[in-house]
Amino acid sequence: MSLPVFISDTTAAVGELATLSGPEGRHAVTVKRITVGEKITLIDGRGTARTCTVQALSGKDRMDVIVDSVDQVPLPNPQVTIVQAIPKSERSELTIDLLTQGGADKIVAWQASRCVAKWAGKEAKSLAKWQAAAEAAAKQSRRSTIPEISGVAAAEDVEKLIDDADLAIILHEEATAAIRELNFSGNVVVIIGPEGGIAPEEIARFSARGAHSVKLGPEVLRTASAGMVALAAIGVLSERW
């Protein structure tokens with residue numbers, strides 16, 4: 001069974017002492033009830049994972065560990081950026097949870113024209129909620145990296161992402177091309193629309209910049225789950241898996 005994962009910015013080398021405190025320490029000591037002698041994994045969210053043995057506990061939020069090994073997990077190929085149209089509030093954090101479990105490397109919040117949810121005036125607070133959801137899901141799914149969260153993107157920002165990508169795809173239920181027809185490598189951008197679908201004018205704009213409209217299958221997926229399904233398909237069709 002995989003080890004419990006906690007986030008830490010420690011730079012401790014093998015054989016050195018590291019301390020887990022604050023919210024992560026409280027989660028380990030009070031919530032997870034990790035005990036002396038157990039092994040845990042500390043991640044920095046950027047690909048470094050440290051396997052550690054618990055040496056001592058103090059109070060409700062402090063844990064001292066000895067670093068047993070330090071591993072640098074290689075980045076997957078392709079790198080996948082998900083441009084996620086902002087879902088309704090009740091599905092927002094679920095969406096990020098699923099994208100993180102699926103392996104998204106970057107997640108960009110997109111204020112698509114048909115989004116029901118509007119982030120105007122609350123961008124920082126909303127992005128912080130997405131970041132917290134990504135961190136929790138990264139620990140739960142035993143990832144050594146935490147997706148980079150950014151936004152809020154407008155259509156012109158999405159166009160720039162398409163310009164910089166090796167491949168950009170739009171998930172669209174009316175597309176005729178299947179995702180299996182494409183070759184995935186380098187930097188991939190996946191554009192996911194809101195509950196009401198991507199507006200025709202947005203599809204036209206993104207297609208004019210080189211994005212390919214594809215469908216994942218016969219079912220119409222919810223915006224919350226479409227990204228995870230796409231990431232799974234890309235995993236099978238590339239070197240990621």
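This report describes the two sheets, the helices packed on them, the pockets and some backbone features of a predicted model.

## The five-stranded sheet

Five strands make up an open sheet of mixed pairing, arranged in the order S1-S3-S4-S5-S2. Its edges are formed by strand S1 (5–7) and strand S2 (17–20), each of which pairs on one side only. Averaged over this sheet and with direction ignored, neighbouring strands are turned by 45° against each other.

Helix H1 (residues 22–31) packs on the sheet, where it touches S1, S2, strand S4 (48–58) and strand S5 (62–72). The direction of H1 makes about 155° with that of S1.

The pairing can be followed strand by strand. S1 and strand S3 (residues 39–43) run parallel and share 3 bridges; Ile-7 has Ile-43 in S3 as its bridge partner. S3 and S4 are antiparallel and are joined by 5 bridges, and Lys-39 is matched with Thr-53 in S4. Between S4 and S5 there are 10 bridges, again in the antiparallel sense, and Ser-58 has Arg-62 of S5 as its bridge partner.

Two hairpins belong to this part of the model. In the hairpin of S3 and S4, 4 residues separate the strands, and Gly-45 in the turn has a positive phi of about 85°. The hairpin of S4 and S5 has 3 residues between its strands, with Gly-59 at a positive phi near 65°.

## The seven-stranded sheet

The other open sheet contains 7 strands in the order S8-S7-S6-S11-S9-S12-S10, and its pairing is parallel. S8 and strand S10 (177–178) are the edge strands; each has a single partner strand, so one side of each is left without a neighbour in the sheet. S10 is paired with S12 in the parallel sense over 2 bridges, and the bridge partner of Ala-178 in S12 is Lys-215.

Helix H6 packs on the sheet and touches S6, S9 and S11, its direction making about 150° with that of S11. Helix H5 lies across strand S7 (106–110), strand S9 (167–171), strand S11 (187–192) and S12, and runs at about 165° to S9.

## Pockets

The largest pocket holds about 510 Å³ of space. It is lined by 26 residues, of which Leu-171, Glu-173, Gly-197, Val-220 and Leu-221 are the closest to its centre. Helix H5 (200–208), strand S12 (212–215) and helix H6 (223–237) each contribute at least two residues to this lining.

The second largest pocket has a volume of about 220 Å³. Its lining includes Trp-119 and Trp-130, together with the lysines Lys-122, Lys-125 and Lys-129. Helix H2 (89–102) and helix H3 (123–140) are the elements that give two or more residues to this lining, and H3 supplies the largest share, 4 residues.

The volumes and the residue classes of the two linings are set out below.

| Pocket | Volume | Nonpolar | Polar | Charged |
|---|---|---|---|---|
| Largest pocket | about 510 Å³ | 12 residues | 6 residues | 8 residues |
| Second largest pocket | about 220 Å³ | 5 residues | 3 residues | 4 residues |

## Backbone features

Two cis peptide bonds may be noted. One joins Asn-77 and Pro-78, with omega about 5°; Pro-78 is placed in the loop between S5 and strand S6 (79–85). The other runs from Gly-151 to Val-152, with omega near 10°, and Val-152 belongs to strand S8 (residues 148–153).

Positive phi values also occur in residues that are not glycine. Arg-33, in the loop between H1 and S3, has phi near 55°. Why does Arg-33 count as exposed? Its relative accessibility is 63%, and the cut-off for exposed is over 50%.

Arg-142 has a positive phi of about 60° and lies in the loop between H3 and S8. Arg-142 counts as partly exposed because its relative accessibility is 33%, which falls between the limits of 20% and 50%.

Notes. Residues are numbered from 1 along each chain as its sequence is written. This is a predicted model: local features need pLDDT of at least 70, side-chain atom pairs count only at pLDDT 80 or more; totals for chains, interfaces and linings use all residues. Side-chain values use heavy atoms; hydrogens and water are left out. Two strands pair if DSSP finds at least two bridges between them. Axes are lines fitted to C-alpha atoms, for helices over the stretch in contact, and angles run from 0 to 180 degrees between N-to-C directions. Contact means heavy atoms within 4.5 Å. On a 1 Å grid over the protein atoms alone, a cavity is a set of points where a 1.4 Å probe fits but cannot get out, and a pocket is an open set with protein on both sides within 12 Å along at least five of seven lines; lining residues have an atom within 4 Å of a point. Grid points are joined across faces, edges and corners, and a volume is the space filled by probe spheres set on the points. Ala, Val, Leu, Ile, Met, Phe, Trp, Tyr, Cys and Pro count as nonpolar, Asp, Glu, Lys and Arg as charged, and the others, Gly among them, as polar. Buried means under 20% relative accessible area, exposed over 50%, partly exposed in between (1.4 Å probe, protein chains only).
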